[in-house]
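Welcome to a short set of exercises on reading a protein model. Work through each task yourself, then compare your steps with the solution.

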Amino acid sequence: MSETKTEICIVGAGAAGLWAAAACARVGMQTLVLEKTPRTGSKVLSSGGSRCNLTTTLEADQTARHFGHAHDFIRPALRSLTPQGVRSHFEALGVRTKVEPEFEKVFPASDSALEVRNALQRDAREAGAVFRLGSEVVDIEPHEGGWVAHLRDGRVLCERLLLCTGGKSFPKTGTTGDGYPWLRRLGLKVVDPVPALVPLASPAAWIHDLSGISVDGELRFGKRRRRRPVLFTHKGLSGPGPMDLSDCVTRGGLREARLDLVPDISWEQLRAELVAGAGRPGSPRLASILPLPRRLVETVARQAGLADGNPRLNQIPKAARHRLIDEAKGLRIPISGSLGFSKAEVTAGGLALSEVDRGTMEVRKTPGLFVFGELLDLTGPIGGFNFQAAFSTAALAARAASKR
Ligand SMILES: Cc1cc2nc3c(=O)[nH]c(=O)nc-3n(C[C@H](O)[C@H](O)[C@H](O)COP(=O)(O)OP(=O)(O)OC[C@H]3O[C@@H](n4cnc5c(N)ncnc54)[C@H](O)[C@@H]3O)c2cc1C
């Protein structure tokens, strides 16, 4: 059984762990990083379609507003290390960044997630952090005024323990929810983890038949709504709109989505166009009025109860016309659940925020233990928010843990 002593032990070399490792080592702390997989930053590598949407162009407070119940908690972290601060840091590490104006996303100019991961890893190593890859922590506990991290074949004694083992989504990248039972055993409250930013399943065959079509629609679950691309798949719905609202299903238990397929045209405008078209000589067909792919037009017509998927406008009775507009402005989509943790980009739930000091990420009841990144009960939407949260919370934890 090997035994190692260090000032700082970081468990998990993901986005948050890499950032924290560099920050601790840079100020002279003896820093050891334990990572169970053979590589660092696995999720960084697979993020953003391997392009890594590393942050957002929004200001700190605007960014905080996207974190729902966690917005007050995360605001100090985002003000301390702002999205602009993250960008400047990467530029200083030699990673040029670019903005994709749609949804304020920031990517590396190279479109290479590998470049981002390598920069984080190099920064931490050059600062003096030591990495032990393939080292799985199996438990943690307080020990003689400090902490111990138990490995399969030994243990690491440390003064400060920084936990950033992530959630339990995409388990093939190493995140299998290991941190939750450790925290529960310490008597801390952990909000049950559920998949988030996850594609949705629909039992409706007519939805599966639309597979491959993407629309710029507005999706609604009850009062929550989101105007972002919606992709029909052979299992249900994917793309930023459905994934951003997926907690309505996984947490809220809602089972029907409404999709406004023509959000730029009001109900009244659409009615006026259909009526005007019906009165025109040689009355045009439905597809010439609805700016949608033909298969979707036919689906809307069928869901409105019309036998012809692309009828002439003067053949649509008034009652059917109203149903047609209702469907185009709010297609009813039955939802049976989500595709689960294996397809979820992040995990909602985690260590309850009430357990953590938002200025330092130190766990209130257990001094010397710092928890940050996705292991906390906070989740942002698609758009670089989750990496930003990982970096900002890591920076605060590193600063506090490095005080002697
Ligand atoms: C496919 C995909 C695409 C994504 N794209 C984006 C994007 O473009 N932009 C964005 O902002 N977010 C994106 N995300 C979300 C983002 O990757 C995470 O929110 C972020 O990585 C969380 O950082 P973290 O350091 O807290 O956790 P992780 O990055 O998940 O790191 C946790 C680390 O802990 C290690 N670990 C776990 N258990 C143990 C143990 N017992 N012992 C030792 N080590 C352990 C894991 O192996 C892992 O390396 C994406 C996620 C996925 C799955």
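**Warm-up: the whole chain**

Of the 404 residues in the chain, buried residues make up 50%; a residue is buried if 20 or more other C-beta atoms, placed from the backbone, lie within 10 Å of its own, exposed if 12 or fewer, and partly exposed in between. The model is predicted, with local features needing pLDDT of at least 70 and side-chain atom pairs counting only at pLDDT 80 or more, while totals for chains, interfaces and linings use all residues. Residues are numbered from 1 along each chain as its sequence is written.

**Exercise 1.** Describe the secondary structure and the extent of the chain.

*Solution.* Start by listing the elements: the chain has 14 helices and 21 strands. These are DSSP runs numbered from the N terminus, with at least four residues (H or I) for a helix and at least two (E) for a strand. Next, take the C-alpha trace, which spans about 85 × 40 × 35 Å along its principal axes.

**Exercise 2.** Work out the strand order of the open sheet that contains β17, and say which strands are its edges.

*Solution.* Begin with the pairs; two strands pair if DSSP finds at least two bridges between them.

- Step 1: β13 (residues 218–221) pairs with β14 through 4 antiparallel bridges, and Glu218 stands opposite Arg227 of β14.
- Step 2: β13 also pairs with β17, in the antiparallel sense over 3 bridges. Here Leu219 has Leu259 as its bridge partner.
- Step 3: β17 (residues 256–260) is joined to β18 by 4 bridges, again antiparallel. Leu259 stands opposite Leu331 of β18.
- Step 4: Put together, the 4 strands have the order β14-β13-β17-β18. The edges are β14 (224–227) and β18 (331–334), each pairing on one side only.

Now add two details. The hairpin of β13 and β14 has 2 residues between the strands, and Gly222 takes a positive phi near 55° there. Helix α13 (residues 318–330) lies across β17 and β18, at about 100° to β17; axes are lines fitted to C-alpha atoms, for helices over the stretch in contact, and angles run from 0 to 180 degrees between N-to-C directions.

**Exercise 3.** Which residues of helix α4 are buried, and why do they lie on the same side of α4?

*Solution.* First find the buried residues of α4 (residues 71–80): Ile74, Ala77 and Leu78. They lie on the same side of α4 because they cover an arc of only 100° around the axis, the arc being that of the directions from the helix axis to the C-beta atoms. An α-helix has 3.6 residues a turn, so residues three or four places apart point the same way. Finally, look at what covers these buried residues: α3 (60–64) and α14 are included, where contact means C-beta atoms, placed from the backbone, within 7 Å.

**Exercise 4.** Describe the shell of residues around the ligand.

*Solution.* Count the shell: 37 residues surround the ligand, the closest being Gly12, Gly14, Gly166, Gly174 and Gly373. A residue is near the molecule if its C-beta atom, placed from the backbone, lies within 6 Å of it. Elements that give two or more residues are α1 (15–26), β2 (31–35), α2 (42–46) and α14 (385–401), and α14 gives the most, with 4 residues. Then sort by type: 13 are nonpolar, 17 polar and 7 charged. In this scheme Ala, Val, Leu, Ile, Met, Phe, Trp, Tyr, Cys and Pro count as nonpolar, Asp, Glu, Lys and Arg as charged, and the others, Gly among them, as polar.

How values were computed:
Two residues are in contact if their C-beta atoms, placed from the backbone, lie within 7 Å.
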